[in-house]
Amino acid sequence: MSLGNNICFLRKQKKLTQEQFADRMSVTRQTVSRWESDEVVPELDRLVEMCEIFTCKLDALVREDLSDQGEIYSEIRIKRIAPFKMASYVIISPDPENDAIGYMDRWAENCGLKKLYPDVRIHTPYDTTVLRSPR
């Protein structure tokens, strides 16, 4: 475990160059390089600022080997899908569109909507047909 390795690992995860990270920290690129090579330990206020940028805990930054955890987490994608007429949901999933559609389909079944209107369908932005609910 090395603080410098953690700084380098987290900087790269944020897709920041040493120059970009230095600008955000209001230091020179050479200072970042010296932190990453463990020549110099950043001051406490700098470490706290890094934790805000990297969204990590100070204890983890200083004591843990964060590069070991790099493969645990996959890249997070935020994908907006059109809201449903009756509800809008936030879904964290590798396949949010299909999960949301499946959830709404089950909801329509469970609440009796499908029994009342058997032809009801969920409209998604990917549908090529125009859907109208029966009245």
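This passage goes through model confidence, one aromatic pair and one helix-helix packing.

The model is a predicted one, and its protein chain comes out at an average pLDDT of 80, with 71% of the residues scoring at least 70. The weak spot to flag is residues 128-133, where the pLDDT drops below 50. Beyond near neighbours in sequence, that stretch has 5 contacts in the model. Where pLDDT is low, the predicted coordinates should not be read in detail.

On to the aromatics: searching the whole structure turns up just 1 aromatic pair. The partners are Phe21 and Phe54, with ring centres 5.2 Å apart and planes at 20°; planes under 30 degrees apart count as stacked, so this pair is a stacked one. Phe21 sits in helix 2 (residues 18-25) and Phe54 in helix 4 (residues 44-54), so the pair ties together parts that lie 33 residues apart in sequence. As for solvent, both Phe21 and Phe54 are buried.

Then there is the helix packing. Helix 1 (residues 3-13) packs with helix 3 (residues 29-36) at about 125°, and their axes are 7 Å apart. An angle of that kind makes helix 1 oblique to helix 3. On the helix 1 side, the contact is made by Gly4, Asn5, Ile7, Cys8 and Arg11, while helix 3 brings in Val32, Trp35 and Glu36. Sorted by class, the contact of helix 1 with helix 3 has 4 nonpolar residues, along with 2 polar and 2 charged ones.

Terms used:
Residues are numbered from 1 along each chain as its sequence is written. This is a predicted model: local features need pLDDT of at least 70, side-chain atom pairs count only at pLDDT 80 or more; totals for chains, interfaces and linings use all residues. Side-chain values use heavy atoms; hydrogens and water are left out. pLDDT is the predictor's confidence in each residue, from 0 to 100. Contact means heavy atoms within 4.5 Å. Rings of Phe, Tyr and Trp (its six-membered ring) pair if their centres lie within 6.5 Å; planes under 30 degrees apart count as stacked, over 60 as edge-to-face and the rest as tilted. Helices (H or I, at least four residues) and strands (E, at least two) are DSSP runs, numbered from the N terminus. Buried means under 20% relative accessible area, exposed over 50%, partly exposed in between (1.4 Å probe, protein chains only). Axes are lines fitted to C-alpha atoms, for helices over the stretch in contact, and angles run from 0 to 180 degrees between N-to-C directions. Angles under 35 degrees count as roughly parallel, over 145 as roughly antiparallel, 65 to 115 as roughly perpendicular and the rest as oblique. Ala, Val, Leu, Ile, Met, Phe, Trp, Tyr, Cys and Pro count as nonpolar, Asp, Glu, Lys and Arg as charged, and the others, Gly among them, as polar.
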